[in-house]
Each structure stands twice: as C-alpha cells, then as structure tokens.
Amino acid sequence: MTTETTETTTTEKHDIFSDALLRLDQAAEFANIDAEALEKLRYPKSILQVSIPLRMDDGSLRIFQGYRVRYDDTRGPTKGGIRFHPNVNLSEVKALAFWMTCKCAVVGIPFGGGKGGIIVDPKKLSRMELERLSRRFIDRIADFIGPETDVPAPDVYTNAMIMGWMMDEYSKICRRSTPDVITGKPIPLGGSLGRDDATGRGAYYCIKELERIKGWQPADISVAVQGFGNAGQHVARLLQADGYRVVAVSDSRGGVYHSDGLDVPCLIETKNRTRSLNAVYSAGSVCDCPVCGSEGPQCEECHCGDHDGPKNGKISNAELLELDVNILIPAAMENQITVENASRIKAPVIVEVANGPTTTAADEILSKRGALVVPDILANAGGVTVSYFEWAQNRAGYYWTLDEVQERLHRIMAREFNSIYELMTKHGIDMRTAAYAQALNRISEAIESQGTARYFSNGTISK
Ligand code: NAD
C-alpha cells in the first residue's frame, strides 16, 4: 500500500462499520421501512472468529486470525467474499457484510450479505503455505458456511484458484461434491463463464446507461482508474474498447498517466507478465509498463508531456484521484476519498468499483460540489450477480453460455441502474441514498413478511 494512502486512512480515524451504518439512517427517510426492520439491520446476525494454525515451509508454526460474518439472511443465504489482507479487522468485515446485504437487495438477487477474511499478507506466503492456509480456514468455518446458509466468493487478494481449494476442502469435509458452497471457482470446477470480468462489466454497463442519459460521446470522456486488479483491469479494458480515453491507472505501487489515453491491453499484459508469483498474485506493477511501451527504469523517460496538468508518465495514487478527468473509478480499497482529499477531487462522475472507497463525510463534500457518485452497492454488483448465476447453475447442474450470462447481467444492471436513477431524480437525492432506499425497500418487505410489532399487536390474522 502506498504511503499517501495509509496517511489519509489514518488521519481520518473512524470506525468503518459505524460509518457504514450512517447510510442506513440517511436512506430510511426515503424508504418504506418499519422501525423494527431498520433496528434489525444495525446488527450482524452472527460472527465467527477463528484461529488458524499454519505449519510454514520452514517447519515453524504461525497462528493467523480469520473472520466470517453473516450479516442478514432474511432474503436468502448470506453471500460475500473472503479477503486476505494484513489490514483485515472485524469492523471492516462487518461493514463489508452489511454492504453485501444491501448490494444483493439492490440488484434483487435472493441472497443476504456476508463476508470473511484472514489477517495475512499473502504476498509473503509461498504457494504451498497459501493453499494450506486456505484449506485450514475452511476447516475452521465449515459449520458456519454451506450452499443453503452462507456462500463465500473471492475478494481482495483471493482468486479463482483459492476458491477451488476451498471448495475442494469443503467437499472433503462433507464427503460429496459441493460446487455450490462457493462461487468464483475455476471453470473446470463449476465456475461460471463470465464471472472473471463480471464486476468490471457491471460497472461498465452502469457507465453505458449514464452515456445514454447524458448523451456522451465516448471519445470525449476521460477516465482514471485507481486499482488495477481484477475489477479495475476489466472496467478499464471494456471502456477503452468502447472508445473511452483511459488516461490513468494505478496499483498499490503507484500509477501511470497519459493525456491521450493509455494502451490498456498492453498494461494488463505487462502487469501479468511481470508478476513474481505466477498465476497467484500480481507482484508486478503498472509502473513497470510505461506509457511509451518500454520497461523498467526507462519509465522516467516517459515524462514527455508538454502541456498543462500532470506530465505523462508516473503519478502517485493521490495524484490520480485528483486528476481533472470526466470519470474517476476507485477500484482498489476502501477509504480512498476522505475529508482530507475530497475537496480536491475534480471528476464530476465517480463510479465506485471498490467497496467503500468514499467515507460518509467525504461523500457530503462531493455531493455539495454536485458530483454524481454511482455507489459501490450498485456499481460493483455485477460480481455478486454473476456469482448468483454460478450458484444457480451449480444447483441446477446445467451451465449457461457466455452470451446468456452477459445478456442476463446486462438486463439486471441496466434495470436496477435506471430504477435507482429514477428514485434519485424523483426525490432530489444523491444516487447512494437512492440505492440504499431501494435496498431497504426490498429488505424491509422480506422482514415485514415475517411479521413485525404492527402485525403481532393487532392479534388478528390478516389475509
Ligand atoms: P484485486 O486484489 O484483484 O486488485 C486490487 C488492486 O488494487 C491491485 O491492483 C492492487 O495493487 C491495488 N491496490 C491495493 N491497494 C491500493 C492502493 N492503496 N492504491 C491503489 N491501488 C491499490 O482486487 P479486486 O477483486 O479487483 O477488488 C478491488 C475492489 O473491488 C475491492 O474493494 C473489492 O472489495 C471490490 N470488489 C471486487 C469484486 C470482484 O469480483 N473482484 C466484486 C465486488 C467488489
């Protein structure tokens, strides 16, 4: 993680879960939600903390801490990723599980929200250690998860191969094949076609709806993407293929900028080629791929720009966020746009591909400036939507074509984007509040279907 990011995160010290809950109250005003249902949503249903002993390659024993939170399962089994990161903590996992609850409701898929994680820097483990850690984690949480109770998926620094190991471990424990216990698996192990780019594609479909509403010409629209992992790479690739000018991308080590637009496929190829743990983690950085197309130290020579604004070449993550672009896409980690930098963010449209990149306080600053923020619970919901498709295919034992997956994803994303945009316009509220209001309406319908104080105090059974 870059220094500047760590600094902004720690300066605005706040509890990420409490911050996440602030959105509830803001949205409740515009939703048809019973006070009891709202109160229920302030608390996660259940939390599991586990210690995971791991025999390291050198023979030593290390104990890792892991979490799994099932936030709310009123609308269906809880669903949410497993994160491997040194900064994982319970508040973060609860916030992510809460967001998943809202996200599944936003896109109308029959899941509640969950999340999990291990406090670990996976880049410091060997592949064998990583596999053992993944399997032991499943061993520890096996009673807590299941195809009909809680269905994990990949998140930051976990991937399809890790999901495959985890599914295999759960199947061993159950003594039967259980592809539906986890999504984001490799295709030969029951993964869905189209899951790999689903998050980026979902965000891309949101941008296409905006393009239609605002009458944009893609060539006139500049885009900066913070975070060049799974989600960031795909949204950048799809936008550029469509004629958008992707002028900046970055990863944890920094970013590159070119005012005319970067060659995204070249950046992806270079980042993938220079990774040190092939097929597991990208240790290569976008900084290794300079805008001029050469590698390594020559990157400095790319400072060729003779124009206003940043020079072409390397930029820091902080600079990327503050670029004068039409669309800013935070696609890395949470808490990137904070009170520290919000007033310097110039992009009129921010599409949140990462979970929780904007703090509530920063959101107010952006909103006052009139920026349109397409919120995370909508913009990155393509991933969980195709995860739902994967789970449905696993349970049916019948697999869809890529066209079927993409067409169904497109239909859902376009429908929900427009319904939220309409709600936003109708109430004159920001898009995040509208998205939460839509989620709360759907969650409250489910909670109220089970009966609330109004129903029970009435004493008669209504038909
Ligand atoms: P990933 O691990 O594939 O990629 C993360 C990328 O962010 C890497 O390129 C990493 O170098 C970069 N990064 C990390 N810290 C950074 C920093 N401080 N500044 C700039 N870049 C930084 O992860 P991903 O799956 O692409 O997830 C990215 C975000 O999208 C996360 O917030 C995740 O929760 C969210 N998300 C992902 C999916 C999915 O299906 N992959 C679905 C929904 C939400």
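Helices are DSSP runs of H or I with at least four residues, numbered from the N terminus. The views below show a predicted model.

**View 1. Leu402 in helix 14 and a nonpolar surface patch.** Helix 14 spans residues 402–427, and L402 is placed within this helix. Together with I187 and L193, L402 forms a nonpolar patch of about 240 Å² on the surface. The relative accessibility of L402 is 37%. Because partly exposed denotes the range between the buried limit of 20% and the exposed limit of 50%, L402 is classed as partly exposed.

**View 2. The open sheet of five strands.** The strand order is 1-2-4-3-5, and the pairing is mixed. Strand 1 (46–55) and strand 5 (150–154) are the edge strands, each of which pairs on one side only. On average, neighbouring strands of this sheet are turned by 20° against each other, direction ignored. Helix 5 (residues 127–141) lies across strand 1, strand 2 (61–72), strand 3 and strand 4. The course of helix 5 is at about 140° to strand 1.

**View 3. Strand 3 and its pairing with strand 4.** Strand 3 comprises residues 78–85 and is mostly covered, with eight of its eight residues buried. Strand 4 (residues 112–119) runs parallel to strand 3, and six bridges join the two. Within this pair, G116 of strand 4 is the residue opposite I82. In a regular strand, side chains alternate between the two faces of the sheet.

**View 4. The open sheet of seven strands.** This sheet has mixed pairing and the strand order 9-8-7-6-10-11-12. Strand 9 (313–315) and strand 12 (372–374) stand at the edges; each has a single partner strand, so one side of each lacks a neighbour in the sheet. From one strand to the next, the twist averages 20°. Helix 7 (residues 198–214) packs on the sheet and touches strand 10, strand 11 (349–351) and strand 12. The direction of helix 7 makes about 145° with that of strand 12.

**View 5. Parallel pairing of strand 6 with strand 10.** Strand 6 covers residues 222–226 and strand 10 covers residues 327–330. The two strands pair in the parallel sense over four bridges. V225 has I329, in strand 10, as its bridge partner.

Definitions and conventions:
Residues numbered from 1 in each chain as written. Predicted model: local features only at pLDDT ≥ 70, side-chain atom pairs only at ≥ 80, totals over all residues. Heavy atoms only, no water. Patch = residues over 30% accessible without salt bridge, like charges linked within 9 Å, V, L, I, M, F, W, Y side chains within 5 Å. Areas by Shrake-Rupley, 256 points an atom, 1.4 Å probe, with all protein chains shown as cover. Salt bridge = Lys/Arg side-chain N within 4 Å of Asp/Glu carboxyl O. Buried < 20%, exposed > 50% of the residue type's maximum accessible area, 1.4 Å probe, protein only. Pairing = 2+ DSSP bridges. Axes fitted to C-alpha atoms, helices over the stretch in contact; angles between N-to-C directions. Contact = heavy atoms within 4.5 Å.
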